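Biologist: Please take a close look at one part of this model and describe its surroundings. Give the cut-off for each term as you go.

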Amino acid sequence: MDLKAPGTCSCGALHLRWRDLGRGTPVALSVPVRAWRRERAQGRRPKRFELSVKLVKDESLLLPRASFSLAPPTPPEEESVRNHNLSLLPLPKPLSSTDLSVSGHKPNIRVAYQGCPGAFSEAAARKVHPDCQAVPCEQFEVAFKAVQLWLADKAILPIENSSFGSYHRTYDLLLSHSLHIVGEVQLAVDHCLMALPGVKKKELKRVLSHPQTLGQCEIALSKLGIIRESFDDTAGAARLIASKGLGDVGAIASAQAAEIYGLHILEDKIQDISFNVTRFLILAREPIIPRIGCPFKTSIVFTLEDGSGVLFKALAVFALRNINLTKIESRPQRKCPLRVDDDTDHGTAKYFDYLFYIDFEASMAEPRAQNALSNLQELVTFLRVLGSFPMDMTL
């Protein structure tokens, strides 16, 4: 195929692989060649046609979609005019030192998060990137896929809460997707009980919120004695009450969600522990380059060989190098949940097999971290570095 210029081609072949340079996404285009085949069958030289291509985003497929049309080639005089007009287009602005700054915020960066506008995850995204374009997603996995499909530049998802523990779904998705942890953000979370304007607390029969949020407000909800119902996200619960006009239902969400959906706050800061903090992970398609000289954290996941004391030996590789562990989490191996041991004195034994997630305070640029993982590799059957990233020191 003869490529004349972006957007034009000769119909001497049936397919064209087009690359959207702005998104870096290859798109396969099929060219209608009925006229080309007719000319070829009659023994005549096939005419040249121009292919005009327009890339648009198909919201139903969450993928780029291409529309195209064939037309006779542009006359030479029109071609020269078009080339002249192209030469008058403004050139891209050269990058400056500010553009290359590590600490600078990229304007209009697209950040995916789970929930509706007003969710705590959106607040975490705007804490890191105040001018970002927040991309709400219905589920955690949708946020992962939004980054993988180039619909978002980053994703921010909760990983643990100071009073109610880990978000297990996030851990499972970290392993099943290829995104990298490039940062973290800690957000102070204050939960508010809200309802439609004019509704009193004693009139509530049910309360909706995320399961983690319901767990963080256990004491206050026990005193109210109302039915608790789980919802996909806190802001989504507030939006449902406002849209359906549910007068006997309350929601636990942020003060911003109450403002967005026009609800009245019946009580604020109803969490069990006043200093309530949720830690979020920042995920991207490519890892960042680890550095030395600033506080860094590294996250890994591994599985261990069978044997006594193997977990102790795995953790010892960090202790021997004075590397502090900040988080240890175990999750069952879903593909192979049971381990069979035939060496016992009382017959065959079956044990649950686990994945171990560990966070430690060291950069992968440090020799001690590299040596620790090299030593750990001798003890494990699987090892993956999820990311090495700057620690959030704001709290």
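Modeller: A polar contact is a pair of N or O atoms within 3.5 Å; within protein, one atom must be able to donate a hydrogen and the other to accept it, and residues adjacent in sequence count only if both atoms are side-chain atoms. One such pair has a polar side-chain atom of Q271 at 3.3 Å from the backbone oxygen of S274. The model is predicted, so local features need pLDDT of at least 70 and side-chain atom pairs count only at pLDDT 80 or more, while totals for chains, interfaces and linings use all residues. Residues are numbered from 1 along each chain as its sequence is written, and side-chain values use heavy atoms, with hydrogens and water left out.

Q271 sits in the loop between β14 (264-268) and β15 (277-284), and S274 is found in that loop as well. Strands are DSSP runs of E with at least two residues, and helices are runs of H or I with at least four, numbered from the N terminus. Q271 counts as buried because its relative accessibility is 7%, whereas S274 is exposed at 64%. Buried means under 20% relative accessible area and exposed means over 50%, with partly exposed in between (1.4 Å probe, protein chains only).

Leaving aside residues up to four places away in sequence, Q271 touches V189, D190, H191, Q216, C217 and N276; a contact here means heavy atoms within 4.5 Å. D190 also has its C-alpha atom 7.8 Å from that of S274, although the two are 84 residues apart along the chain.

For the wider setting, the protein has 11 helices and 21 strands, and 41% of its 395 residues count as buried. Of the contacts between residues at least 6 apart in sequence, 70% join residues at least 24 apart.

Further along the chain, an open sheet of four strands runs in the order β17-β20-β16-β21, with antiparallel pairing. Its edge strands, β17 (325-332) and β21 (380-390), each pair on one side only. Strands count as paired if DSSP finds at least two bridges between them. Nine bridges join β16 (residues 296-304) to β21, and F302 has L383 of β21 as its bridge partner.

Two helices lie across strands of this sheet: α10 (residues 310-319) across β16, β17 and β20 (354-360), at about 160° to β16, and α11 (residues 367-376) across β16, β20 and β21, at about 160° to β21. The axes are lines fitted to C-alpha atoms, for helices over the stretch in contact, and angles run from 0 to 180 degrees between N-to-C directions.
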